[in-house]
Amino acid sequence: TFYIILTTTLLSLSIPFLSGAQSVDDVTPIPVEVIKEGRGHVTIDGKTQIVFDKQYGAQAEFMREMLAAQTGLNLPVYPNTATKPKASHHIRLVFDSKAIDKDEMYTLTVSGKDVTIRAKDTGGMVYGIQTLLQLFPVKQVREVKIPDVQIKDYPRFAYRGMHLDVVRHMFPVEFIKKYIDYLSFHKFNTFHWHLTDDQGWRIEIESYPKLNTVGSWRKETLIGHFKDQPARYDGTRYGGYYTKDEILEVINYASVRGIDIIPEIDIPGHSRATIAAYPELSTRPDTTWDVATTWGMYNRQNNVLQPNPATFQFLETVFQEVADLFPSEYFHLGGDETSKIWWKADPVSQAFIKEHNLKDEKGLQTYFVEQVASYLAAKGKKVIGWHEILEGDLSKSTLIMNWGGEKEGIAAARRGHQVIMSPGKPLYFDHYQSKDPNDSLAIHGYNPLDAVYAFEPVPKALREQKLGHYIIGAQGNLWTEYIGSQAKVQYMIFPRMTALSEVLWSPVEKRNYTDFKSRLKSAIIPRYTFWEASYFPHYEQWTAEK
Ligand code: TNX
């Protein structure tokens with residue numbers, strides 16, 4: 001007994017000082033190439049210097065902060081040109097456009113005295129840092145010995161996105177930043193920010209102030225959602241919007257972390273918050289119509305813009321104001337679920353269709369898209385829209401985000417559009433991940449973890465026709481009708497978002513679900529815990545067959 005007590009005591013004493021690295025086999029998404037030849041290691045301790053090439057100052061600081069939070073090691077940071085004290089080990093962040101021959105690529109070498117990350121763009125450097133951070137344990141340590149290794153890594157797809165609806169429920173800026181941290185950790189590169197919808201306008205607009213004083217607020221707060229029962233409200237108003245300063249803060253935060261932010265202003269349907277603020281833009285002005293307090297397609301209440309001069313003036317001014325705020329090359333203009341019945345019933349819309357020689361209401365929808373695309377082209381931007389905008393004869397420069405099935409993605413690619421695959425099945429993370437009747441309420445659909453992991457963004461039909469390159473990537477969507485808290489957001493995205501990250505980043509032939517699940521347990525779930533994030537734990541029980 002004495003020896004047992006002695007050894008356990010010694011063990012527990014030594015735990016805070018253990019210097020084991022996390023295995024390179026746990027890195028997720030799994031890297032393209034990992035070579036473990038050397039038998040040595042590089043010891044990282046409090047004196048190790050982070051030394052950066054001038055392109056990567058912000059990333060060096062990011063690396064320092066992240067490592068300090070994760071391990072307590074607070075390393076000194078120096079530009080490579082500075083005279084610095086002697087140190088035996090370095091983490092070098094190197095700009096190298098020769099050895100690095102692909103976008104977003106990095107190499108990570110642990111050998112001799114140094115750890116070296118090479119990249120030629122911000123993304124590549126961020127992903128190299130994220131991989132290195134995964135080699136450190138998540139605990140307080142004095143030093144870590146990282147075994148020699150050479151990693152060469154780059155993404156399979158150029159577009160790796162996650163979406164967040166902040167309209168149905170809004171989340172504070174601090175949480176948006178966390179969401180961006182999650183994206184960066186998982187080597188995503190795009191955050192699609194769904195900023196307007198029937199239930200609210202969530203971005204500050206100076207040119208049309210009623211969008212915020214009226215459009216940002218719902219009269220009632222929905223409390224609790226009960227299946228098949230009428231909604232209940234607590235009588236208080238709900239809403240808010242992000243100021244331009246807050247948005248700029250988020251954009252800067254994201255850009256250091258390799259994340260591009262695409263704003264979405266959803267038109268010509270899903271526009272009830274706009275109409276509540278400016279009824280003259282709707283097909284049937286009626287000032288008693290409020291910002292929507294329920295969800296769904298609005299066949300009962302008007303949420304569609306009318307094609308009149310005031311509307312096009314509004315669209316030009318507002319879209320250009322938003323475009324000036326966001327550095328992204330892309331702008332999402334929605335275009336989903338436009339209830340054409342409002343245009344059918346409206347004499348002004350009908351006259352407009354005739355006058356402009358449009359085929360029908362679908363043609364009118366395309367007209368709206370092309371019009372807004374031209375306002376944005378004046379600002380040097382390309383547009384993305386949900387797949388319904390393909391119904392008319394759309395110009396090829398517009399990207400299609402397909403939320404239907406493979407079919408719509410194939411059709412868009414065949415017509416020469418670049419496509420981002422975002423099919424409801426299995427990439428809507430607002431859908432259920434179990435069939436447990438006691439699981440937290442979600443919207444229709446069943447998208448268990450294994451279905452997400454098995455998803456192949458490039459349909460076979462396109463591969464066979466050598467049209468696969470039109471699929472530039474994919475995106476996971478999180479609509480928040482039934483997601484009112486940060487914990488619920490986390491619960492819905494984890495671990496499905498982790499599975500999607502591997503689909504989008506790693507070579508197909510490296511994907512293996514059993515191996516993925518073992519890495520999830522040994523390396524990723526401990527991260528969720530470290531982030532104090534909720535996640536869905538029963539993913540083994542609920543599979544595509546079950
Ligand atoms: C359809 S998919 C919508 C959203 C809803 C979502 C719920 C799409 C472009 N539009 O307005 O929130 O379903 O899953």
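What share of the contacts in the protein with a separation of 6 or more comes from residues 24 or more positions apart? Keep that in mind as you work through these exercises on a predicted model.

**Exercise 1. Describe the protein as a whole, starting from its contacts.**

Step 1. Residues 24 or more positions apart supply 73% of the contacts with a separation of 6 or more.

Step 2. Now check the overall size. The radius of gyration is 25 Å, which agrees with the value near 24 Å for a compact globule of 546 residues. The C-alpha trace spans about 85 × 55 × 45 Å along its principal axes.

Step 3. Finish with burial and secondary structure. Of the 546 residues, 47% are buried, and the protein has 18 helices and 21 strands.

**Exercise 2. Trace the barrel and find one of its bridge pairs.**

Step 1. Follow the strands around: β10-β11-β16-β17-β18-β19-β20-β21 is the order in which eight strands close into a barrel, with parallel pairing. From one strand to the next, the twist averages 30°.

Step 2. Zoom in on β16 (residues 260-267) and β17 (residues 330-334), parallel strands joined by two bridges. Here Glu-264 has His-332 in β17 as its bridge partner.

Step 3. Step off the end of β16 and you meet a cis peptide bond from Ile-267 to Pro-268, with omega near -10°. Pro-268 sits in the loop between β16 and α7 (272-277).

**Exercise 3. Map the open sheet and the helices that lie on it.**

Step 1. Write down the order of the seven strands, β1-β9-β6-β7-β5-β3-β4; their pairing is mixed. β1 (33-35) and β4 (77-79) are the edge strands, each paired on one side only. The twist here averages 15° from one strand to the next.

Step 2. Look at β3 (residues 49-52) and β5 (residues 90-95), which run parallel and share four bridges. Gln-49 stands opposite His-90 in β5.

Step 3. Add helix α2 (residues 57-71), which packs on the sheet and touches β3, β4 and β5; its direction makes about 160° with that of β3. Helix α3 (residues 122-135) lies across β5, β6, β7 and β9, at about 150° to β7.

**Exercise 4. Decide how exposed Asp-96 is and list its contacts.**

Step 1. Locate Asp-96 in the loop between β5 and β6.

Step 2. Count neighbours: Asp-96 has 16 C-beta neighbours inside 10 Å, so Asp-96 counts as partly exposed.

Step 3. Set aside neighbours within four places in sequence, and Asp-96 is in contact with Arg-118 and Lys-120. Asp-96 and Lys-120 are 24 residues apart in sequence, yet their C-alpha atoms are 5.4 Å apart.

**Exercise 5. Inspect the ligand's surroundings and compare two positive phi angles.**

Step 1. List the shell: Asp-336, Glu-337, Trp-386, Trp-403, Tyr-428, Asp-430, Ile-443, Trp-479 and Glu-481 surround the ligand. Sorted by type, the shell has five nonpolar, no polar and four charged residues.

Step 2. Pick out Glu-337, which has a positive phi of about 45° although it is not a glycine. Glu-337 belongs to the loop between β17 and α9 (341-344). With 18 other C-beta atoms within 10 Å, Glu-337 is partly exposed.

Step 3. Turn to Lys-466, another residue other than glycine with a positive phi, near 55°. Lys-466 lies in the loop between α15 (460-464) and β21 (471-476). Lys-466 counts as exposed because it has 7 C-beta neighbours inside 10 Å.

Conventions
Residues are numbered from 1 along each chain as its sequence is written. This is a predicted model: local features need pLDDT of at least 70, side-chain atom pairs count only at pLDDT 80 or more; totals for chains, interfaces and linings use all residues. Two strands pair if DSSP finds at least two bridges between them. Axes are lines fitted to C-alpha atoms, for helices over the stretch in contact, and angles run from 0 to 180 degrees between N-to-C directions. A residue is near a molecule or strand if its C-beta atom, placed from the backbone, lies within 6 Å of it. Ala, Val, Leu, Ile, Met, Phe, Trp, Tyr, Cys and Pro count as nonpolar, Asp, Glu, Lys and Arg as charged, and the others, Gly among them, as polar. The radius of gyration is taken over C-alpha atoms; the globule rule is 2.2 Å times the number of residues to the power 0.38. A residue is buried if 20 or more other C-beta atoms lie within 10 Å of its own, exposed if 12 or fewer, and partly exposed in between; C-beta atoms are placed from the backbone. Two residues are in contact if their C-beta atoms, placed from the backbone, lie within 7 Å.
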